[in-house]
Amino acid sequence: MDKNHSGNGWMVFKGNGEGGKKREEFKQEIFELMCGQMEPADSVVPGAGKIRNEFAEGSFCGKEYEKIYEANRRLCERLGADEDGDVEVIVNSFFGIINHLCLKMYDYGEMFSGKEDVDQ
């Protein structure tokens with residue numbers, strides 16, 4: 001496994017095999033920290049405390065998610081149900097899309113940072 005350390009203390013994993021697996025886990029953990037799904041104290045990511053929960057109360061994502069929650073509540077009220085499975089599918093699928101895009105954006109940022117060959 002080839003590990004590189006950048007000046008800010010973040011580890012960048014390159015290669016396939018175990019290094020590639022750890023790199024994907026590293027990126028996923030950063031995503032979970034950003035979404036508030038993990039506390040920095042529970043993370044193995046160096047500098048995890050610097051990663052902001054983008055869904056914290058009052059944040060852009062927090063406000064947008066509140067709109068989704070309220071729309072879901074109104075829809076369920078109109079349907080006379082406590083919850084709606086289709087809305088859950090929509091929200092969960094959209095979070096899957098966000099996760100995929102965020103991890104790809106990390107890859108592109110790394111690629112264009114000069115650490116990898118841009119023409120790959």
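**Confidence, helix α2, core and aromatic rings**

Colleague: Over which residues does pLDDT (the predictor's confidence in each residue, from 0 to 100) stay under 50?
Modeller: This is a predicted model, and its coordinates include 23 contacts (heavy atoms within 4.5 Å) beyond four places in sequence for the stretch in question. Where pLDDT is low, the predicted coordinates should not be read in detail. The stretch with pLDDT under 50 is residues 1-10.

Colleague: What is the mean pLDDT of the chain?
Modeller: Residues are numbered from 1 along each chain as its sequence is written, and side-chain values use heavy atoms, with hydrogens and water left out. Local features need pLDDT of at least 70 and side-chain atom pairs count only at pLDDT 80 or more, while totals for chains, interfaces and linings use all residues. A pLDDT of 70 or more is reached by 79% of the residues, and the chain mean is 84.

Colleague: Which element of the chain has the highest mean pLDDT?
Modeller: The chain has three helices and two strands, in the order β-β-α-α-α. These elements are DSSP runs numbered from the N terminus (helices H or I, at least four residues; strands E, at least two). Strand β1 (residues 2-5) has the lowest mean pLDDT, 34, whereas the highest, 95, belongs to α2.

Colleague: What end-to-end distance does helix α2 reach from its first C-alpha to its last?
Modeller: The helix spans residues 60-79, 20 residues in total. The expected span, 1.5 Å times one less than the number of residues, is 28 Å. The distance reached is close to that, at 29 Å.

Colleague: What arc around the axis do the buried residues of α2 cover?
Modeller: Gly-62, Asn-72 and Cys-76 are buried in α2 (under 20% relative accessible area; exposed is over 50%, partly exposed in between, with a 1.4 Å probe and protein chains only). They lie on the same side of α2 because the arc, taken from the directions from the helix axis to the C-beta atoms, is only 80°. On the other side, Phe-60, Lys-63, Lys-67, Glu-77 and Arg-78 are exposed. The arc of the buried residues is 80°.

Colleague: Which residues does Asn-72 touch, not counting those up to four places away in sequence?
Modeller: Asn-72 is part of helix α2 and counts as buried because its relative accessibility is 16%. Beyond four places in sequence, its contacts are Val-87 and Glu-88.

Colleague: How many residues make up the largest nonpolar core?
Modeller: A nonpolar core is a set of buried Ala, Val, Leu, Ile, Met, Phe, Trp, Tyr and Cys residues joined through side-chain atoms within 4.5 Å. The members are Phe-26, Ile-30, Leu-33, Met-38, Val-45, Ala-48 and Ile-51. Beyond four places in sequence, Leu-33 touches residues including Met-38, Val-45, Ala-48 and Ile-51. The number in the largest core is seven.

Colleague: Which residues do ring pairs link into a cluster?
Modeller: Rings of Phe, Tyr and Trp (its six-membered ring) pair if their centres lie within 6.5 Å; planes under 30 degrees apart count as stacked, over 60 as edge-to-face and the rest as tilted. Phe-55 and Phe-95 form a tilted pair, 5.8 Å centre to centre with 40° between the planes; the pair links the loop between α1 (17-34) and α2 to helix α3 (residues 85-115). Tyr-65 and Phe-95 are also tilted, at 6.0 Å and 55°, and this pair links helix α2 to helix α3. The cluster consists of Phe-55, Tyr-65 and Phe-95.
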